[in-house]
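Let's walk through this model together, from the whole chain down to a few single residues. Have the sequence and the 3D view open side by side.

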Amino acid sequence: PSLFKSYGSAHLLNNFRCSIPATLRFCTFAVSEDDVSKPNSKTLEEATLANQKSIDFTKLDINLLPTVIIIGRPNVGKSALFNRLIRRREALVYNTPDDHVTRDIREGLAKLGDLRFRVLDSAGLETEATSGSILNRTAAMTANVLARTQFAIFLIDVRTGLHPLDQEVGKWLRKHAPGINPIVAMNKSESLHKDPNSFAEAATEALKLGFGEPIAISAETGLGMTALHESLRPMLENYMAKVLDGKSSQDENLSQDNDSSKDDESKLPLQLAIVGRPNVGKSTLLNVLLQEDRVLVGPEAGLTRDSVRAQFQYQGRTVYLVDTAGWLQRGDRHKGPNSLSVMQSRKNLMRAHIVALVLDAEEIAKARRSMTHAEVVIARQAVEEGRGLVVVVNKMDLLKGPRNSALYKRVKEAVPQEIQMVIPQITGIPVLFIAAIDGRGRAAVMSQVIDAYEKWCLRLSTARLNRWLRKVASRHSWKDQGSQTKIKYFTQVKARPPTFVAFVSGNTKLSDTYIRFLTKSLKEDFDMGGIPIRIMQRSVPRMASGSSSKTGQSMGKTVERTPSDKRSSVV
């Protein structure tokens, strides 16, 4: 290995001799003394230049990173490899030979050693799918995304050997991406590591695909990740060298990225989750917000199984968008992918900053009620978790027309009132009425989402809050002025969501009525409607300040007080 590093592998391979007996399987090579004493200077210069051009992927802007898509036939472990590369279990993995768990394109940031790149998990390809079917639509969506990617990992199942469908996928890849030479990865190779003959046969069979020598990996156990790293690194470095070409230097580019990231610290990325029951138009809304066909849509209920996460820019702000699977009724939950989808949707709800609850206008008109039990559960859980809530009533195009004009008007008037009755914890919940299938409503939805997010991140100074408290206390009517609990001072301890603490004297406590009054007054006076507000109370022990001052006066001594954040101490 030291000779290879010093003199270059290309120079040594000129005098390389390999003998592989059937039992020993080892290689030997001979290097003459002249070769050792007189190394190839050209090879040394190339190696030195390559080291100088080494790129630190960990410091690059994520928008500049190359994109690698994982493709293959169904049930070969694409989602498992996706989870391995992003280092967390985000994509659903379930053994369903007769069904396909992944139907949409998932995107994540891969971390493979010192390499960083964007990785895409695609649906399983079946070239013989009938026109208009789900598999045919997923293949068309994969072809559209493939046109915007730079590299591909062609995954096959080494345990079943080279399947005829693998060859069909290879032909499909040559047709739709002729400029991409994929890396063939034989997955599930942990079962063959004890049998070299079977492994050699599988590798020879994989060569028939015509994409070069395959590598053996195991997405489940992590076997072969080093080989995958070595295969990807030269291609990614060459790509990034072309991307960074034309700029003064890589260091200057990195410094610009660091400066821009510092400027954007005041605008933290917004996490938006789209939730709702199946077939209400969540995926259609996501495509409208992204302005591209990113996820599969159609009349079939329950198309989305994975929670699809995407990133886009809106008015200079980074938005992380999550399209969750439809929440099923308790009796409709089955074991398998559907139950995993519900669990994943709940996790994404807890991660989000703002939750967009999507309702079906046509079902509202038929049922004559705004929200079902499942939708009420979603909304209340979002409020309990402290998330901002925006309600989006979709499919309003189905209520348009001269015959439905009265019904259209009645729905727009009744829905906000009923939502306020069902969720009394929050006042002023924004309600939008759109038709996502027409491609409209993006500006209205994002305007309300950003407005709710800014309120959710609002911070108020203690001085301003205490001035407000003195004014608002006079507006509250007390039955008994003697029983009025006095608040020493009022402060905000955190945002996201806004959380306040009222410090009261002694062991007295604020009544629930007074806390609701303070919450309502905060929302009205500071325009904080539509987001949850939390008010806690802390008791401040009563000081013997009166007796101390009297004692000081009687003894003729001056009492000096040192101010503290919670109490006054006598020195």
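What follows covers the overall make-up, two helices and their packing, and then some loop residues.

**Ground rules**

This is a predicted model, where local features need pLDDT of at least 70 and side-chain atom pairs count only at pLDDT 80 or more, while totals for chains, interfaces and linings use all residues. Residues are numbered from 1 along each chain as its sequence is written, and side-chain values use heavy atoms, with hydrogens and water left out.

**The whole chain**

The protein chain holds 19 helices and 17 strands; these are DSSP runs numbered from the N terminus (H or I, at least four residues, for helices; E, at least two, for strands). Of its 571 residues, 46% count as buried. Here buried means under 20% relative accessible area, exposed over 50%, and partly exposed in between (1.4 Å probe, protein chains only). Taking contacts with a separation of 6 or more, 71% of them come from residues 24 or more positions apart; a contact means heavy atoms within 4.5 Å.

**Helix α7**

Start with α7, which runs over residues 164-176. Its 13 residues reach 19 Å from first C-alpha to last, close to the 18 Å expected at 1.5 Å a residue (the expected span is 1.5 Å times one less than the number of residues). Which of its residues are buried? They are L165, D166, V169, G170, W172 and L173. Those residues cover an arc of only 165 degrees around the axis, which puts them on the same side of α7; the arc is that of the directions from the helix axis to the C-beta atoms. The other side of α7 has P164, K171 and K175 exposed. As a reminder, an α-helix has 3.6 residues a turn, so residues three or four places apart point the same way.

**Helix α17 and its partner α18**

Next comes α17, with twelve residues and a reach of 16 Å from first C-alpha to last, close to the 16 Å expected at 1.5 Å a residue. L465, N466, W468, L469 and V472 are buried in α17. Their arc is only 160 degrees around the axis, which puts them on the same side of α17. Turned away from that buried side is a face carrying the exposed residues R470 and K471. So what do the buried residues of α17 pack against? They pack against β13 (487-494), β14 (499-505) and α18.

Two packed helices are described by the angle between their axes and the distance between the axes. For α17 (residues 462-473) and α18 (residues 512-525), the angle is about 115 degrees and the axes are 11 Å apart. Axes here are lines fitted to C-alpha atoms, for helices over the stretch in contact, and angles run from 0 to 180 degrees between N-to-C directions. On the α17 side, the contact is made by L465, W468, L469, V472 and A473, and on the α18 side by Y514, F517, L518, S521, L522 and D525. These contact residues divide into nine nonpolar, one polar and one charged. In that count Ala, Val, Leu, Ile, Met, Phe, Trp, Tyr, Cys and Pro are nonpolar, Asp, Glu, Lys and Arg are charged, and the others, Gly among them, are polar.

A473, at 24% relative accessible area, is partly exposed.

**Loop residues**

Two residues other than glycine have a positive phi near 65 degrees: N75 and K188. N75 sits in the loop between β1 (67-71) and α5 (78-86), and K188 in the one between β5 and α8. That second loop, from β5 (183-187) to α8 (196-206), is also the place of S189. Beyond its neighbours within four places in sequence, S189 is in contact with V158, A216, I217, S218 and L223.

P497 lies in the loop between β13 and β14, and the peptide bond leading to P497 from R496 is cis, with omega near 0 degrees. Leaving aside neighbours within four places in sequence, P497 is in contact with G386, W456, P532 and R534.

Here is how these loop residues compare in accessibility.

| Residue | Relative accessible area | Class |
|---|---|---|
| N75 | 34% | partly exposed |
| K188 | 16% | buried |
| S189 | 3% | buried |
| P497 | 3% | buried |

Some C-alpha pairs are worth a look too. S189 and R159, 30 residues apart in sequence, are 7.4 Å apart in space. P497 and L458, 39 residues apart along the chain, are separated by 8.2 Å.
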